[in-house]
Amino acid sequence: MNTSRISILALLVLILGFTTTASAEDIKETFKVWGNCGMCKTTIETAVKKVDGVKTCKWDAETKMLTVKFDDQKTTLDDIKKSIAAVGYDTEEFRAPDDVYSKLHGCCQYDRPPSLDKINN
Ligand SMILES: [Cu+2]
């Protein structure tokens, strides 16, 4: 009875170990992306989905939070944030180029975070 319990436990630990290893490549991160509306949502999400290794992404216009799931063997969080900046949207780490931002639709020209003024990419 005792031995069978131990082997069941060992089996469980083994199975658990395998499942964690299998999903270890997918990273889920949530971070802030400045933006305004549904059009921003489309632009941001389209840019993120184009990044190789990104599985899913969702930006919330109310909370301004982007949740992304990606394979860290193929891409990094920095690459994802850079691709967002490239289409005109600021994150805490990467500021969008001013000329790209100024070409955004009028309703999409969000109030830029002043703390980012010194950061350029
Ligand atoms: Cu917009």
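These legends accompany several close-up views of a predicted model.

**View 1. The whole protein chain, element by element.**
Let's begin with the overall layout. The protein chain has 4 helices and 3 strands, and read from the N terminus its elements follow the order α-β-α-β-β-α-α. Of the 121 residues in the protein chain, 21% are buried. Among contacts with a separation of 6 or more, 59% join residues that are 24 or more positions apart.

**View 2. The open sheet and its antiparallel strands.**
The 3 strands form an open sheet in the order 1-3-2, and their pairing is antiparallel. Strand 1 and strand 2 are the edge strands, each pairing on one side only. From one strand to the next, the twist averages 10°. Strand 1 (residues 26-32) is joined to strand 3 by 7 antiparallel bridges, while strand 2 and strand 3 share 5 bridges, also in the antiparallel sense. A handy landmark here is Lys69 in strand 3: Lys28 stands opposite Lys69, and so does Thr56. As general background, strands of a sheet pair through backbone hydrogen bonds, either parallel or antiparallel.

**View 3. The two faces of strand 3.**
Which residues of strand 3 lie on its covered face, and which on its uncovered one? Leu66, Val68 and Phe70 make up the covered face, whereas Met65, Thr67, Lys69 and Asp71 make up the uncovered one. This fits a general pattern: in a regular strand the side chains alternate between the two faces of the sheet.

**View 4. The hairpin turn at Lys64.**
Strand 2 and strand 3 form a hairpin, with 5 residues between them. Lys64 belongs to the loop between these two strands. Take a look at its backbone: phi of Lys64 is near 65°, a positive value in a residue other than glycine. Is Lys64 buried, exposed or partly exposed? Lys64 counts as partly exposed because 17 other C-beta atoms lie within 10 Å, and a buried residue would need 20 or more.

**View 5. Val68 and its surroundings.**
Val68 sits in strand 3. Why is Val68 called buried? Val68 is buried because it has 25 other C-beta atoms within 10 Å, and the cut-off is 20 or more. Setting aside residues up to four places away in sequence, Val68 touches Glu29, Val48, Val54, Cys57 and Ile80. One of these partners, Val54, is 14 residues from Val68 in sequence, and their C-alpha atoms are 7.3 Å apart in space.

**View 6. The largest nonpolar core.**
The largest nonpolar core holds 18 residues, and those touching the most other members are Val33, Ile44, Val48, Val68, Ile84 and Tyr89. Two or more residues each come from helix 2 (38-50), strand 2 (54-59), strand 3 (65-71) and helix 3 (77-86). Which element gives the most to this core? That is helix 2, with 4 residues. Helix 2 lies across strand 2 and strand 3, and runs at about 165° to strand 2. In general, nonpolar side chains of soluble globular proteins tend to be buried together.

**View 7. Helix 3 and the contacts of Ile84.**
In helix 3, the buried residues are Ile80, Lys81, Ser83, Ile84 and Ala85. Where do these buried residues pack? They pack against helix 2, strand 2 and strand 3. Zooming in on Ile84, and leaving aside neighbours within four places in sequence, its contacts are Val33, Ile44, Ala47, Val48, Tyr89 and Thr91.

**View 8. Gly88, just after helix 3.**
Gly88 lies in the loop between helix 3 and helix 4 (98-102). Just after helix 3, Gly88 takes a positive phi of about 110°. Gly88 is buried because 25 other C-beta atoms lie within 10 Å, where 20 or more are required. Which residues does Gly88 touch, not counting those up to four places away in sequence? They are Ala96, Val100, Tyr101 and Leu104. Gly88 and Tyr101 are 13 residues apart along the chain, with their C-alpha atoms separated by 4.5 Å.

Terms used: Residues are numbered from 1 along each chain as its sequence is written. This is a predicted model: local features need pLDDT of at least 70, side-chain atom pairs count only at pLDDT 80 or more; totals for chains, interfaces and linings use all residues. A nonpolar core is a set of buried Ala, Val, Leu, Ile, Met, Phe, Trp, Tyr and Cys residues joined through C-beta atoms within 7 Å. A residue is buried if 20 or more other C-beta atoms lie within 10 Å of its own, exposed if 12 or fewer, and partly exposed in between; C-beta atoms are placed from the backbone. Two residues are in contact if their C-beta atoms, placed from the backbone, lie within 7 Å. Two strands pair if DSSP finds at least two bridges between them. Axes are lines fitted to C-alpha atoms, for helices over the stretch in contact, and angles run from 0 to 180 degrees between N-to-C directions.
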